[in-house]
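Here is a short round of questions on how certain labels are earned. Each reply sets a value against its criterion.

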Amino acid sequence: MAGKLLLLFAICRLIVIVGLTLNPTVTDLFRVGIHGKLSVDPHDIKSASMDFGKTTRNEPTAVLHPATADDVAKLVKLAYQSSHGFSVSARGHGHSINGQSQTANGVVIQMSRSGRSPAVPEVCEKKMYVDVWGGELWIDVLKSTLEYGLAPKSWTDYLYLSVGGTLSNAGISGQAFNHGPQISNVHEMDVVTGKGQLLTCSNDKYPELFHSVLGGLGQFGIVTRARIALEPSPQRVRWIRVLYSNFSAFTHDQEYLISLHNKPQSEKFDYIEGFVIVDEGLINNWRSSFFSPKNPVKISSLGAGGNVLYCLEITKNYYDSSNPESIDQEVEGLLKKLNFIPASVFTTDLPYVDFLDRVHKAELKLRSKGLWEVPHPWLNLFVPKSRIPDFDKGVFKGILGNKTSGPILIYPMNKNKWDEKSSVVTPDEDVFYLVALLRSALDNGEETLTLKHLSEENRKILKFCKESNIRVKQYLPHYTTQEEWMEHYGDKWQQIYRKKMEFDPRHILATGQRVFEPRFGSEVRSW
C-alpha cells in the first residue's frame with residue numbers, strides 16, 4: 001500500500017510540475033504498476049541532480065529505481081505518449097562531468113544501485129560472453145566472469161562505472177589499441193528507445209539502432225542489457241613504467257608498440273598508456289607509488305632537458321603456470337627496442353584484478369583526504385597523430401605551465417579497431433591519441449588549482465587547437481549549442497539527426513547532453 005501511495009504521489013508531482021494531464025497512459029501506469037520504485041525522496045532528488053564533475057546541477061522531478069527493463073520502457077512510453085511530455089535521463093554511477101546524466105523537471109532513471117541488480121550477470125562459457133544489466137558496474141561484471149576464469153577484453157581505467165554509461169560513450173583504456181574500445185566488444189543489447197519500445201538489437205537485428213546506441217551519448221535509447229565478449233582471464237600482470245624527456249622518442253615508441261597489435265601474444269604488450277608529468281610533485285604521487293617516498297626522484301636528476309617528463313606505462317599479462325624466465329625474456333626483448341631514460345625503469349608484478357582496480361585504490365586514498373568529492377573540470381580530446389607534436393609544444397610545454405592537479409593521460413590508438421558505424425567520431429587518421437586532463441579543482445589557496453583557473457585553461461586549450469587547425473574531437477564531449485554539435489559530428493551529423501528522429505522523435509532522452517532540444521512544452525526544457 002505504501003508503495004502505491006508513493007507512486008501516486010510521484011505521478012501527481014509530475015502532473016503539477018511537468019504539466020501532464022491525466023490521460024489514459026498515466027492511469028494505466030498506476031494501475032499496472034511499476035515493479036521498482038518511483039521516488040521523490042529529497043535524498044534521491046539531490047543525488048540525481050549532481051554528478052562527478054560537480055560543476056552542474058539540475059534537479060529532476062522524480063527518480064525511478066527500476067526493477068526490470070519493462071519499468072524503464074513504461075516510463076519512457078509514458079513520456080513519449082503524454083500530451084505535454086517530460087525528459088528522461090538514464091544515470092549509472094553518476095560519473096559524468098558536465099551534467100550529461102541529469103535532467104531538469106524530468107525523471108532520472110537510476111540504473112545502478114547498491115545491492116542486487118535487476119538482473120544477475122549470466123556467463124556463457126561455451127560462447128565466451130556475459131549478459132549484464134545496463135546499470136551493472138564493470139567491477140561487478142569482472143567479479144562474475146572471474147568465477148569462470150573469464151574476463152572482458154577491453155576496459156576503462158576505472159571499474160566503478162556502469163556498462164550502459166561506458167557503452168554510451170566508447171569505453172577506453174590501454175587495451176584499446178589491441179581490442180578496440182568497449183563498444184567494439186559488444187555482441188547484442190536490449191535497448192529502450194525514445195518511443196518506449198524495448199528491442200533486442202545486434203549487427204543482424206535492428207542494426208541501425210545497435211550502432212546508433214554504441215557511443216550515442218544516450219540519444220537513441222537506454223541500454224538495459226548488454227552481451228559482452230569475454231576471453232580467458234590472465235592471473236597476473238608485469239606492470240612497467242619508464243620515463244622519457246624527449247617527446248618525439250616517447251610518441252615514436254608508443255606508436256611502435258601499438259603497431260604490434262596483430263603479432264602473437266608473446267611479441268607485444270597487452271596494455272599501453274602514457275602520462276605527462278609537468279609538476280615534480282606528481283612524480284612521487286601519481287595514481288600509485290612510482291618511486292619510493294623514502295628515495296624521491298627529482299626531474300632534474302633524470303637528465304631531463306626541461307620541466308616536462310613523459311611516462312610510458314605498459315603491461316604483460318600472464319598466468320600462474322607461466323614460465324617466469326619466458327616472461328622476463330619477452331619483456332626484455334620489447335624494452336630493448338625502446339628509447340627511454342635507462343635509470344627510470346620501474347617494474348612490479350601483481351594480480352590481474354589488482355591492476356585493473358588500481359584507480360579505485362587511489363580513489364580510497366583521495367577520499368580519506370577529502371580530495372575526491374571536489375569539482376572535476378576534466379577535458380578529454382582525441383588528437384590526430386600528425387599534430388601531436390604541435391599539441392605538446394602548445395599545451396604541455398605552453399598553456400599548462402608547471403602546475404597541475406591530477407593525471408594527464410596520453411596514449412595512441414588504432415582507428416581500425418573502431419567500428420565506423422557507431423555514433424562515435426574520431427580524427428580522420430589511422431592513429432590518433434587520447435589526451436585526458438583528469439584534473440581536480442582544489443580550494444587550497446593556490447590560484448592555479450581553482451575551478452575558475454582550470455576551466456579557463458581548458459578554454460585556452462580548445463582555442464589553441466582551433467586557431468592552430470588541430471582537428472581534435474572531444475571524448476565525453478560537452479557543447480552548449482547545436483551548431484557546436486554539428487561541427488563535432490561533421491559528416492555524421494545528418495546520420496545522427498535522422499536516427500534521432502527515428503528512435504527518439506520527441507527528443508525525450510538524455511537532454512543533459514544538449515545535443516537536441518526537447519520537443520515539448522518550454523517549461524520542461526533542460527537547457
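Q: How much space lies in the second largest cavity?
A: About 30 Å³. The model behind this value is predicted.

Q: What makes this space a cavity and not a pocket?
A: A cavity is a set of points where a 1.4 Å probe fits but cannot get out, whereas a pocket is an open set. The search of the whole structure finds two cavities of 30 Å³ or more.

Q: Which residues line the second largest cavity?
A: Its lining is Trp418, Asp419, Glu420, Ser422, Val424, Val425 and Thr426.

Q: Why are two residues of that lining classed as charged?
A: Asp and Glu count as charged. The lining includes Asp419 and Glu420, so the class count has two charged residues. Three nonpolar and two polar residues make up the other classes.

Q: What is the class make-up of the largest cavity's lining?
A: Eight nonpolar, five polar and no charged residues. This cavity holds about 90 Å³ of space. It is lined by 13 residues, and those closest to its centre are Leu217, Val424, Gln474, Pro477 and His488. Val424 is also in the lining of the second largest cavity.

Q: Why is Met128 called partly exposed?
A: Partly exposed lies between the cut-offs of under 20% for buried and over 50% for exposed. Met128 has a relative accessible area of 26%, so the label fits. Met128 sits in the loop between β5 (122-124) and β6 (129-133). Its phi is positive, about 60°, although Met128 is not a glycine.

Q: Why does Tyr206 count as partly exposed?
A: Tyr206 has 44% relative accessibility. Exposed needs over 50% and buried needs under 20%, so Tyr206 falls in between. Tyr206 is in the loop between β9 (198-202) and α8 (207-213). Tyr206 too has a positive phi, about 50°, and is not a glycine.

Q: How do you know that β3 and β4 pair?
A: Pairing takes at least two bridges. β3 and β4 (residues 107-110) have four bridges, in the parallel sense, so they pass. Arg91 has Gln110 in β4 as its bridge partner.

Q: What makes β1 and β3 edge strands?
A: The sheet is open, with four strands in the order β1-β2-β4-β3 and mixed pairing. β1 (37-39) and β3 (88-91) each pair on one side only. From one strand to the next, the twist averages 25°.

Technical notes: Residues are numbered from 1 along each chain as its sequence is written. This is a predicted model: local features need pLDDT of at least 70, side-chain atom pairs count only at pLDDT 80 or more; totals for chains, interfaces and linings use all residues. Side-chain values use heavy atoms; hydrogens and water are left out. Helices (H or I, at least four residues) and strands (E, at least two) are DSSP runs, numbered from the N terminus. Axes are lines fitted to C-alpha atoms, for helices over the stretch in contact, and angles run from 0 to 180 degrees between N-to-C directions. Buried means under 20% relative accessible area, exposed over 50%, partly exposed in between (1.4 Å probe, protein chains only). On a 1 Å grid over the protein atoms alone, a cavity is a set of points where a 1.4 Å probe fits but cannot get out, and a pocket is an open set with protein on both sides within 12 Å along at least five of seven lines; lining residues have an atom within 4 Å of a point. Grid points are joined across faces, edges and corners, and a volume is the space filled by probe spheres set on the points.
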